[in-house]
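Hi everyone, thanks for making time this morning. Let me put the chain up on the screen, and then we can walk through it together.

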Amino acid sequence: MPAVDKLLLEEALQDSPQNEMCLATQQLSKQLLAYEEQNFALGKGDEEVISTLHCFSKVVDEVNVLHTELAKQLADTMVLPIIRFREKDLTEVSTLKDLFGLASSEHDLSMAKYSRLPKKKENEKVKTEIVKEVAAARRKQHLSSLQYYCALNTLQYRKRVAMMEPMLGFAHGQINFFKKGAEMFSQSMDSFLSSVADMVQSIQVELEAEAEEMRASQQELLSLEEAVYTPDLDMAAPQINRNLIQKAGYLNLRNKTGLVTTTWERLYFFTQGGNLMCQPRGAVAGGLIQDLDNCSVMAVDCEDRRYCFQITTPNGRAGIILQAESRKENEEWICAINNISRQIYLTDNPEAVAIKLNQTALQAVTPITSFAKKQESPCPSQNMKSSEVENDKIVPKAAVIIPEAEQLIAPGTPIQFDIVLPATEFLDQNRGSRRINPFGETEDETFPETEDSLLQQMFIVRFLGSMAVKTDNTTEVIYEAMRQVLAARAIHNIFRMTETHLMVTSQALRLIDPQTQVTRANFELTSVTQFAAHQENKRLVGFVVRMPESTGGESLSTYVFESNSEGEKICYAINLGKEIIEVQKDPEALAQLMLSIPLTNDGKYVLLNDQPDDNDGSPSENRGAESEA
């Protein structure tokens, strides 16, 4: 709000009313006309005030001769209300603003103590004291903010009265003290002054009604229990909105101050379109922190702090780490960023799209009675022959009948989201006695077939999930497993994925840890009965493995991965390995097969003509486009 300086009329009355009155009225007329150029932050109802002040400006121009006796009356009816408004109302607002600032600072200090609470339960007494301190600070901040906002709302009415009430007293003083008032002011002027008086009275009524409503609202808010101000109130079962496409609130931002030292800063964050914005205290606008399009977000453990999550850029680089104040805020921020990363905000009705996607994800893990009949042909990634050749004639296969979902996967089948252990945990478990596990993990055992293998193909993949299936007669079981795994990840907010290297040889599929080069899982290629890439999302790929059980039977499991390259490349490599196995006993057929694969200039077999993706030109993926012989 602009500062209110002392009016020239006030100085004139104090110094020399007789000599300065004419000049003061001329300056007053100019100031009345310039009122509409003032940039008031609270400008409710200023249109009526501006038009009224324009009319008063004309009246002031006519009144250019003042008497000395009028000075006292003008000082009482005109200058005094302005001084009262300047010294009382504006000072009150300024004081309440300072109190609100002090309360906000105290609240920030208490929140900083609360954010540093460890996960250990030995400090329950300290935790209880800090929680009470946070609640008290929030209550104090809430009360001071209510008083400050109440004063601001009241000020917008009082400033209007403070501008018009002095003018009303000035006009009445002129009429009463000049004998020629009747000649100078016509009857229309009397009606105008009456209308102004009625408008001032109506503003006073509005002010009283607004003040009463604000007092009632303030009492209602202050009557709430202290539990409302307690952070993380409903920790057991918070009501989480998973359909948010925008979010705002305070978060703690982790900043690195050295090689091993970090600091946490509490800032106000909000989303704007596909961007995450941050607005420091005192700033007039927010600044860009992170582009959220195609990014990923996951909950992380950081420095023994609760409710932390990390935003990762589309190219896989670790981004910023933020901390929410409660479990509800943490999960809602993760859901909102996840929805924004899908670019839902660009649709015509983003709220409806977000709701539909979450409902679809919920239905995806609900058992259904039948598949929607697909019109597309079976995925070519299996690379099984789509036609049979007999006597140089092509005989088309019969139409594929898509089975029902219950025939593929039993309802309620559990999903395993991580079969790959961290490197340190894996090595610790394998020291000492030797262990046998169903995934063929090994630490010291080497794979001699790798050196003699005719096919060595490396891909960068991320494990999404695995589940038991009923059949391996069709690739539809892979598509159904992909659907249920992705839906379960979306519903349960599981965004963490373990990156590994998938080595395809002519004997087996191996999952290799990229850091330690330890083989985590090994699947014989002869046990892989089905494999396919997703028909729409080309980076999704899965395969079915038939494995023996201790009881003497066999089990079927589907494994789903996300690849940096197209899933068709992985399927092509698996199919080539199976063909090599079939023709290895016949040297002539093997030579004919290898001759059918083109060579590069450096003597490597080219599996696919596709070029490496532009999005990721990593060396591992470039190696995924060729095979060594």
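I'll go from the overall picture to the core, and then to one asparagine.

Quick housekeeping: this is a predicted model, where local features need pLDDT of at least 70, side-chain atom pairs count only at pLDDT 80 or more, and totals for chains, interfaces and linings use all residues. Numbering starts from 1 along each chain as its sequence is written, and side-chain values use heavy atoms, with hydrogens and water left out.

So, the overview. We have 16 helices and 18 strands, taken as DSSP runs numbered from the N terminus (H or I, at least four residues, for helices; E, at least two, for strands). Of the 629 residues, 44% are buried, meaning under 20% relative accessible area with a 1.4 Å probe, protein chains only. Among contacts (heavy atoms within 4.5 Å) with a separation of 6 or more, 67% join residues 24 or more positions apart.

Now the largest nonpolar core, that is, a set of buried Ala, Val, Leu, Ile, Met, Phe, Trp, Tyr and Cys residues joined through side-chain atoms within 4.5 Å. This core has 27 residues, and Leu32, Phe56 and Met167 touch the most other members. Two or more residues each come from α2 (17-33), α3 (46-62), α4 (70-115), α5 (124-177) and α7 (187-222).

What does Met167 contact, leaving aside neighbours within four places in sequence? Leu28, Leu32, Phe56, Val60 and Met78.

Finally, Asn338, in helix α8 (residues 327-341). Why does Asn338 count as buried? Because its relative accessibility is 13%. Beyond its neighbours within four places in sequence, Asn338 contacts Val297 and Phe495.

Definitions and conventions:
Buried < 20%, exposed > 50% of the residue type's maximum accessible area, 1.4 Å probe, protein only.
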